[in-house]
Amino acid sequence: MAVTLTEQGLDIDGKAVPVYSGSVHYWRLEREQWPLILDKVQSLGFGMIETYIPWSVHETAPGVFDWGASDPRKDFEAFCQLCEASGLYLMVRPGPLINAELTDFGFPEWVLLDPQIQAHNALGTLHLDAAWGFHPPRPYPVPSYASPAFFKAVGEWFDAVCPIIARHLAPKGCIVAVQSDNETCYMFQDQAYATDYSPASITAYRGFLRERYGTIAHLNAIYTQHFQDFDTIDPPRDCQICTAADVPWHRDWVEYKERYIHQSVVQIAKMLRDRGVLGVPLFHDVAWQYSTPLDIARMESDSALDWVGLNLYRGPHDYTGTIQRMRYLAGTTRLPFVPEFGSGIWSHHPRTPTAAEQEFTTLAALMHGMRAVNFYMLVERERWQGSPITRHGTYRPEYADFYQRLSAFLKHYPLGTFSRQTPVVTLLNYDLGRYAAMASTLHYAHVDLLKLPEELGVVDLELGFRWDVAREADHHRSDNWLGNVFLQFKQRQLDYDISDSHINPDRLRRYPIACIPTVDFMDASDQQRLLDYVAQGGCLIIGPGVPSLDSNLRSCAILSKAIQEPGEVAFGSGKIIWALTGALSTTLAQHVPAPTIRWDAPEVEVVEQVGKTQRLLFIANPKDQKQRVTLTFDTPRHLLPVWSEAATSSRGKHLTLDLAPYTIQVWEASHD
Amino acid sequence: MIDPHWQVIDLDPVTWRHLGPFFEPHRYIAAAQPGEHGLFVLHDAGKLLRVVDTQTNTLPSGIPTQISDPETLAQELYGRGEWQRVHIINRRHLAWVAQQAQATPRRDLTLDAYYHLVYTLMWGNREGYVCVPPHPGQMYGWTYSEIRRYIADLPSPATLALGVYLDAALFIGLVLVCQGGQIRRVTTFEGLNWNVAHPGPTEQTLTALCEALGAQFAPPAAVLLCTESVFSTWLAATDKWACLSEARANATAIWHYADQAT
């Protein structure tokens with residue numbers, strides 16, 4: 001490949017290039033302004049930009065394309081040529097799903113109105129995008145990605161756009177990465193019983209069951225049912241679990257939805273490759289989810305895709321959500337990438353970020369592992385505001401100043417070349433996420449508008465489990481096993497990564513210690529992967545229970561054969577520790593290494609990143625109150641303020657700072 | 001009233017940050033106020049499914065497993081004085097609303113009309129979702145029908161503008177361009193070619209703004225300039241004319257209101 005993905009960014013014809021990019025929508029900017037705007041982009045310190053190539057904008061009628069003949073702003077090829085002349089790299093996103101606040105999300109209307117293409121909800125009617133959330137200015141019927149007619153239409157669009165992309169691929173051209181669909185799960189397929197129940201999707205679901213079980217007799221044995229053939233099986237349309245025997249039917253539907261999204265993204269990637277998009281990485285971006293039906297670890301392990309990122313639109317008040325996602329990316333993906341990092345916000349969002357808020361969230365993401373970023377949007381356009389450059393090519397000084405400082409900082413401390421010291425990975429139990437998805441209800445359109453409490457959509461199941469599965473399945477609780485692990489790490493001032501039980505084994509082996517919440521059941525292959533990790537020298541901490549069942553609730557003695565009671569057991573070259581929730585404090589104190597930096601303000605967070613020759617110390621105050629903090633190092637340090645109002649350097653074993661609310665300071669550190 | 005291809009452009013981030021919290025569609029449809037202590041009882045055609053108290057894990061006594069009269073039950077529970085609002089929700093009603101709203105592609109409906117349809121379906125049936133006291137959804141005292149009628153009755157084209165000032169600084173500067181009963185363009189004062197020496201709720205600013213609107217977009221039908229304090233009071237006021245009249249007398253608000261829009 002002319003362009004390959006590395007752990008630092010992209011290798012473009014032998015040259016290491018960081019993915020430090022911003023979005024510019026050519027078709028929304030006056031053609032004569034393009035040169036000025038790209039100059040402003042480069043003056044802000046960006047060498048790479050990103051753009052959608054919107055289907056509905058270019059295919060103005062079936063088979064009729066406007067590439068600038070009618071509207072000069074649509075001359076995508078000229079835009080590529082200008083990028084090449086300017087020395088800018090370009091990432092492109094040809095859809096088919098765009099969003100971009102476009103009317104109908106960038107789908108041509110005739111595609112959306114084709115009954116063969118429309119997705120259905122569990123009630124048998126259409127699925128309109130306005131069913132969840134608020135997406136002005138017009139509701140539209142969501143397409144089914146299970147529909148062959150949809151992919152035929154996508155193929156015709158790709159037939160038109162891919163030759164242009166192919167002509168401008170690096171190293172000869174400017175295009176260095178291409179996206180395979182955008183936020184495929186975004187259209188509300190994350191709720192288990194919301195969609196897609198279209199005929200095409202139900203056919204695909206039955207094909208999934210056929211592939212999984214081979215014979216109807218095998219399925220009937222698992223389901224304890226008497227289906228005549230696969231074509232007589234209908235998916236569950238709500239949680240109807242009464243006994244353990246009902247679980248496989250529901251679980252298969254949840255897994256089918258994972259497959260639905262995965263296969264859609266892979267199929268689109270293959271369609272791009274088949275049409276000459278070769279020699280550059282293909283990536284996908286996930287809207288915000290990192291549990292079922294999104295399976296980022298498995299998606300990235302598919303050879304059709306090079307790279308998966310997670311978008312981020314969060315403010316300072318959601319610091320925890322921001323850093324959890326960055327830790328997940330750092331623990332799971334090849335190059336922790338935020339393909340859409342909110343820079344400004346869409347016009348129907350109730351809260352426009354200030355430049356100070358933008359700074360805080362960006363530094364928080366860098367601090368916790370982000371190594372590649374595309375700021376969405378770098379240049380404003382219709383239905384978007386709060387970016388550093390206006391559509392007229394002028395700077396918004398308060399925002400532009402931040403990006404100028406950030407670019408200078410990253411030039412000195414290159415993005416992707418610093419790494420955090422994380423001896424521990426905390427794995428989310430993917431099967432617990434599936435359980436939560438199965439045991440939920442009220443997946444009806446517009447329920448979210450009512451602002452009902454989330455607990456109302458939880459279904460209590462009595463399945464005779466030994467451990468409180470529902471409680472452990474809630475990743476947001478602070479009083480379950482996982483919540484206690486996170487709390488202990490915070491109290492011990494330990495930085496860590498997050499992934500899930502589908503983590504790639506090679507990746508898992510990077511961590512000396514792995515923690516995962518476990519209950520009565522777990523997929524057999526996931527159990528085996530964890531046991532293999534232990535056999536090869538890993539330290540696995542599990543609890544509050546040990547699985548003795550597989551995901552279909554059938555007897556499965558893999559982990560339970562290795563450890564039978566709470567405590568520690570040597571296995572192969574490693575060990576398994578079964579820690580009850582109440583014993584976590586002691587267990588982690590015994591096994592987790594002590595940090596080399598301590599600090600006295602519990603609300604403050606400190607992360608040290610290590611580069612080839614330099615170390616960076618990020619010190620965050622994620623609260624709305626001023627914090628005074630004193631850091632104590634194991635050995636004396638020489639500290640130089642590099643993102644701080646402090647004017648002088650510091651030397652010694654201690655550093656005392658006053659941190660303003662929602663601010664992050666960065667210091668360069670070296671051992672004295 | 002929202003053009004499916006409306007232009008929302010040249011948005012000053014300061015205006016947008018201050019404006020955003022006032023115009024959330026949830027405000028109109030939501031079943032509860034933010035932070036409210038509520039009791040939610042979910043049932044399926046009378047069969048009790050789930051009870052959630054938004055502040056405690058302790059479930060109240062006296063909720064029957066079979067609910068025959070949701071209105072009476074809601075009144076009885078609210079009468080205990082433990083909750084600010086009691087919700088008795090039939091799951092089938094929520095399903096019915098979703099089914100009705102998505103029966104067809106609805107290409108004939110603008111987004112606001114679509115959500116109004118949802119609102120009508122959701123709250124038009126007292127049995128389906130019983131709320132005591134009634135659901136609080138509101139848009140500062142205006143109703144959807146009033147706003148829609150107002151936009152429809154405007155000359156075509158026409159502009160509406162709002163200028164809110166905090167001390168000498170612009171807090172909100174909003175411009176709407178309407179045509180044929182629909183909002184076609186949304187922009188801010190940043191999108192205007194105008195210049196005024198000391199902007200504020202003054203005759204001079206009002207005149208300059210009206211001239212700029214007329215020259216650049218369309219004749220102004222209604223323009224309000226006021227202080228931030230007046231704006232907040234005006235939104236919350238029951239008698240909005242009285243509020244503005246008092247502000248005008250205090251030189252903290254001034255407006256232009258074309259005859260046809262009165």
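The face of helix α12 of chain A that is turned away from its buried side carries four exposed residues, A:P397, A:A408, A:K411 and A:H412. The buried residues of this helix are A:Y399, A:A400, A:F402, A:Y403 and A:L406. These buried residues lie on the same side of α12(A), because they cover an arc of only 155 degrees around the axis. The model described here is predicted.

**Helix α12 of chain A**

- Helix α12 comprises the 16 residues 397-412 of chain A.
- At 1.5 Å a residue, α12(A) should span 22 Å, and the 23 Å between its end C-alpha atoms agrees with this expectation.
- The partner against which the buried residues of α12(A) pack is helix α11, residues 355-367 of chain A.

**Where chain A meets chain B**

- The contact between the chains involves 38 residues of chain A and 41 residues of chain B.
- On the side of chain A that touches chain B, helix α14 (residues 447-450) gives the most, with three residues.
- By character, the residues on this side of chain A divide into 21 nonpolar, ten polar and seven charged.

**Chain B as a whole**

- Nine helices and ten strands are found in chain B.
- The C-alpha trace of chain B spans about 70 × 45 × 30 Å along its principal axes.
- Of the 262 residues in chain B, 40% are buried.
- Among the contacts in chain B with a separation of 6 or more, 65% are between residues 24 or more positions apart.

**Strand β2 of chain B and its partners**

- Strands of a sheet pair through backbone hydrogen bonds, and the pairing may be parallel or antiparallel.
- Strand β2 (residues 38-44) of chain B is mostly covered, with six of its seven residues buried.
- Strand β4 (residues 85-90) of chain B runs parallel to β2(B), and six bridges join the two.
- Within this parallel pair, B:H87 in β4(B) stands opposite B:F40.
- Strand β3 (residues 47-53) of chain B runs antiparallel to β2(B), again with six bridges joining the pair.
- B:H43 has B:L48 in β3(B) as its bridge partner.
- A hairpin is formed by β2(B) and β3(B), with two residues between them.
- In the turn of this hairpin, B:A45 has a positive phi of about 50 degrees.

**The six-stranded sheet of chain B**

- An open sheet of six strands in chain B follows the order β1-β8-β7-β6-β9-β10, and its pairing is mixed.
- Its edge strands are β1 (residues 2-8) and β10 (residues 253-257), each of which pairs on one side only.
- On average, neighbouring strands of this sheet are turned by 10 degrees against each other, direction ignored.
- Strand β9 (residues 220-227) pairs with β10(B) in the antiparallel sense over five bridges.
- In that pair, B:W255 of β10(B) stands opposite B:L224.
- Helix α7 (residues 203-216) of chain B lies across four strands of the chain, namely β6 (158-166), β7 (169-179), β9 and β10.
- The direction of α7(B) is at about 145 degrees to β9(B).

Methods
Residues are numbered from 1 along each chain as its sequence is written. Chains are lettered from A and ligands numbered from 1 in the order in which they are written. This is a predicted model: local features need pLDDT of at least 70, side-chain atom pairs count only at pLDDT 80 or more; totals for chains, interfaces and linings use all residues. The expected span of a helix is 1.5 Å times one less than its number of residues. A residue is buried if 20 or more other C-beta atoms lie within 10 Å of its own, exposed if 12 or fewer, and partly exposed in between; C-beta atoms are placed from the backbone. The arc is that of the directions from the helix axis to the C-beta atoms. Two residues are in contact if their C-beta atoms, placed from the backbone, lie within 7 Å. Two strands pair if DSSP finds at least two bridges between them. Ala, Val, Leu, Ile, Met, Phe, Trp, Tyr, Cys and Pro count as nonpolar, Asp, Glu, Lys and Arg as charged, and the others, Gly among them, as polar. Axes are lines fitted to C-alpha atoms, for helices over the stretch in contact, and angles run from 0 to 180 degrees between N-to-C directions.
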